[in-house]
Amino acid sequence: MAESKCPQCGCRRFYVKNPDDAYDIYEFECRNGEVCFDEGVDGDSCPEISDGTETFCNKCAWHDQFSKIK
Ligand SMILES: [Zn+2]
């Protein structure tokens, strides 16, 4: 299975924004298509990530729907 990574820079770390608070971000790594939030991120408060969730690359300016990195 192909590794999920940024189509622009190849970075595997991404983040999503809290739909209720754009200054609140949740970093995660995509391993085998699975979203793995960073340690220390409160799993209960994480937004649900679906194919259409706006996802941001941690390294470059790329952002698009989550389904684009799979
Ligand atoms: Zn990138």
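A residue counts as buried if 20 or more other C-beta atoms lie within 10 Å of its own, as exposed if 12 or fewer do, and as partly exposed in between. By that count, 10% of the 70 residues of the protein are buried. The model shown in these views is a predicted one.

**View 1. The whole chain contains five strands and zero helices.**
Along the sequence the pattern reads β-β-β-β-β. The radius of gyration is 11 Å, close to the 11 Å that the globule rule gives for 70 residues, so the protein is as compact as a globular protein of that length. Taken along the principal axes, the box filled by the C-alpha atoms is roughly 30 × 20 × 20 Å. Among contacts with a separation of 6 or more, 47% link residues that are 24 or more positions apart.

**View 2. The five strands form an open antiparallel sheet.**
Across the sheet the order is E3-E2-E1-E4-E5. Strand E3 (34-37) and strand E5 (63-65) stand at the edges and have a single partner strand each, so one side of each is left without a neighbour in the sheet. From one strand to the next, the twist averages 40°. In general, the strands of a sheet pair through backbone hydrogen bonds, and the pairing is either parallel or antiparallel.

**View 3. A hairpin joins strand E1 to strand E2.**
Two residues make the connection between E1 and E2. E1 covers residues 13-18 and E2 covers residues 21-31, and the two pair in the antiparallel sense over six bridges. One of the residues to look for here is Val16, whose bridge partner in E2 is Tyr26.

**View 4. A second hairpin is formed by E2 and E3.**
Two residues lie between these strands, and in the turn Asn32 has a positive phi of about 50°. E2 and E3 run antiparallel and are joined by four bridges. Cys30 has Val35 in E3 as its bridge partner, while the partner of Arg31 in E3 is Glu34.

**View 5. Strand E4 is paired with strand E5.**
E4 consists of residues 54-57, and three bridges join E4 to E5. The two strands run antiparallel. The bridge partner of Phe56 in E5 is His63.

**View 6. Tyr15 is a residue of strand E1.**
Tyr15 has 16 other C-beta atoms within 10 Å and is partly exposed. Leaving aside residues up to four places away in sequence, Tyr15 touches Ile25, Tyr26, Glu27, Phe28, Phe56 and Asn58. Thr55 is 40 residues from Tyr15 along the chain, yet the C-alpha atoms of the two are separated by 6.0 Å.

**View 7. Ile25 belongs to strand E2.**
There are 14 C-beta neighbours inside 10 Å of Ile25, so Ile25 counts as partly exposed. Apart from residues up to four places away in sequence, Ile25 touches Tyr15, Val16 and Lys17. Ser4 and Ile25 are 21 residues apart in sequence, and the distance from C-alpha to C-alpha is 20 Å.

**View 8. Val35 sits in strand E3.**
With 18 other C-beta atoms within 10 Å, Val35 is partly exposed. Not counting residues up to four places away in sequence, Val35 touches Phe28, Cys30 and Ile49. Cys30 is also the residue bridged to Val35. Lys17 and Val35 are 18 residues apart along the chain, and their C-alpha atoms are separated by 14 Å.

**View 9. The largest nonpolar core has five residues.**
The members of this core are Cys6, Phe14, Phe28, Cys30 and Cys57. Cys6 touches Cys11, Cys57, Lys59, Cys60, Trp62 and Ile69, again not counting residues up to four places away in sequence. Two members of the core, Phe28 and Cys30, are also touched by Val35. Phe28 is touched by Tyr15 as well.

Definitions and conventions:
Residues are numbered from 1 along each chain as its sequence is written. This is a predicted model: local features need pLDDT of at least 70, side-chain atom pairs count only at pLDDT 80 or more; totals for chains, interfaces and linings use all residues. Two strands pair if DSSP finds at least two bridges between them. Axes are lines fitted to C-alpha atoms, for helices over the stretch in contact, and angles run from 0 to 180 degrees between N-to-C directions. The radius of gyration is taken over C-alpha atoms; the globule rule is 2.2 Å times the number of residues to the power 0.38. Two residues are in contact if their C-beta atoms, placed from the backbone, lie within 7 Å. A nonpolar core is a set of buried Ala, Val, Leu, Ile, Met, Phe, Trp, Tyr and Cys residues joined through C-beta atoms within 7 Å.
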